Amino acid sequence: MTAPDVRRLVTDALDRIARAEGPAAVRSLEAELLGRRSQLATLRSGLGALAPEARKEAGRELNAARARVEEALATRRAEVDEAERRSRLEAERLDLTEVVPTRRRGHLHLVTQARDRLEDVFVGMGYTVAEGPEAESDWYNFEALNFPADHPARAMYDTLYLELGAPESTLLRTHTSPVQVRVMEATQPPIYSVMPGRCYRQDTADASHLPNFHQIEGLVVDRHITLGDLAGTLDAFTEAYFGPGFRSRLRPSYFPFTEPSAEFDITCVFCKGDGCRTCGRTGWLELGGCGMVHPNVFRAVGYDPETWSGFAFGFGIDRMVIMRHGIDDLRELVSNDVRFLRQF
Ligand code: DAH
């Protein structure tokens, strides 16, 4: 054995190690290159036959060769282990994307989209959002809102009663105004809140009425709130929701829970105020009611009407939707015709 032989042996081994693919190949190469039957082992066992000086020299050379081969094996082992770990992870990766090329994705219903946008507009003005139950007691829907029993204004609301408790004591709320009472009972002023939700009335569906519809109620209670605050708020809301150029106006009206009360109109979306058939040539469309909170409503929830004042409003969300999108029949919103729904 000569030194060049050993060097060739190492070069050869390193080359094979570098080309070994996979942990199993590295392991068997390790046995072949370093094991009992390896060339290195054979060379080592031949050392005994050498003269002492030459043996020492050759021994050193063999040790160095073995160290280089061991090191190369360790490096290669780390590389193939890492490569294997990567490919295992890659194989185990879950592809969670769903590709359904032939099916359309659904989306939120137009009314839900409108409700979300309305909430956003008011949240942007610093309001909180509250909700209340759809099945209500007579107290919340009427009594606390200053409709005593047999008050004629109750006839404005074609109430659906539930067979629960005493006759006519439980009902499907006819408006979102009962949530005002619940919010006031649960918190202390100042209050700046909107309360969206479903309402029910005994009504036959037609182009401008649905027996099940949506309202968004607003309630502000603070010190020194005036009708001017109400008008300014509604005007800001109109522009934020419908866009620049839309104005609002208030017309005197009557609700038991506000005094004074008003109807709230906005510029007709169809004729932009010029007057057309939809708006009865007035240039205005009615959106809902509003007014200054009646002192009796404050008394019903234990607020002192001398200290607190406030305004409230209630709009039909479905109406706002059809106005905003120029739809001519409320029933489109509930007939579930996908050709209609897909457009929004
Ligand atoms: N609740 C009334 C309705 O559905 C609308 C309304 C009018 C709500 C005046 C209010 C208000 O909060 O102040 O007819």
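Me: Before we get to the ligand, what makes a residue near a molecule or strand here?
Reply: One of the residue's heavy atoms has to lie within 4 Å of it. This is a predicted model, where local features need pLDDT of at least 70, side-chain atom pairs count only at pLDDT 80 or more, and totals for chains, interfaces and linings use all residues. Numbering starts from 1 along each chain as its sequence is written, and side-chain values use heavy atoms, with hydrogens and water left out.

Me: OK, which residues come nearest to the ligand?
Reply: There are 16 residues around the ligand, and His175, Ser177, Gln180, Gln215 and Glu217 come nearest.

Me: How does that shell split by class?
Reply: Six nonpolar, eight polar and two charged residues. Asp, Glu, Lys and Arg count as charged, while Ala, Val, Leu, Ile, Met, Phe, Trp, Tyr, Cys and Pro are nonpolar and the others, Gly among them, are polar.

Me: What about polar contacts from His175 and Gln215?
Reply: A polar contact is a pair of N or O atoms within 3.5 Å (within protein, one must be able to donate a hydrogen and the other to accept it, and residues adjacent in sequence count only if both atoms are side-chain atoms). The His175 side chain has an N or O atom 2.9 Å from a ligand nitrogen. For the Gln215 side chain, an N or O atom is 2.8 Å from a ligand oxygen.

Me: And where does the backbone come in?
Reply: At Ala312, where a polar backbone atom is 3.2 Å from an oxygen of the ligand.

Me: How much of the ligand does the protein bury?
Reply: 94% of the 350 Å² that the ligand exposes when taken alone. Those areas come from the Shrake-Rupley method with a 1.4 Å probe; for residues, only the protein chains shown count as cover.

Me: Which elements give two or more residues to the shell?
Reply: α7 (177-186), β6 (212-222), β9 (284-293) and β10 (309-316). Helices (H or I, at least four residues) and strands (E, at least two) are DSSP runs, numbered from the N terminus.

Me: Switching to backbone geometry, where are the cis peptide bonds?
Reply: One joins Pro189 and Pro190, with omega about 0°, and Pro190 is in the loop between α7 and β5 (191-200). Another joins Glu259 and Pro260, with omega about -5°; Pro260 is in strand β8 (residues 258-267).

Me: What's up with phi at Glu168?
Reply: Phi there is near 60°, a positive value in a residue other than glycine. Glu168 lies in the loop between β3 (160-161) and β4 (170-172).
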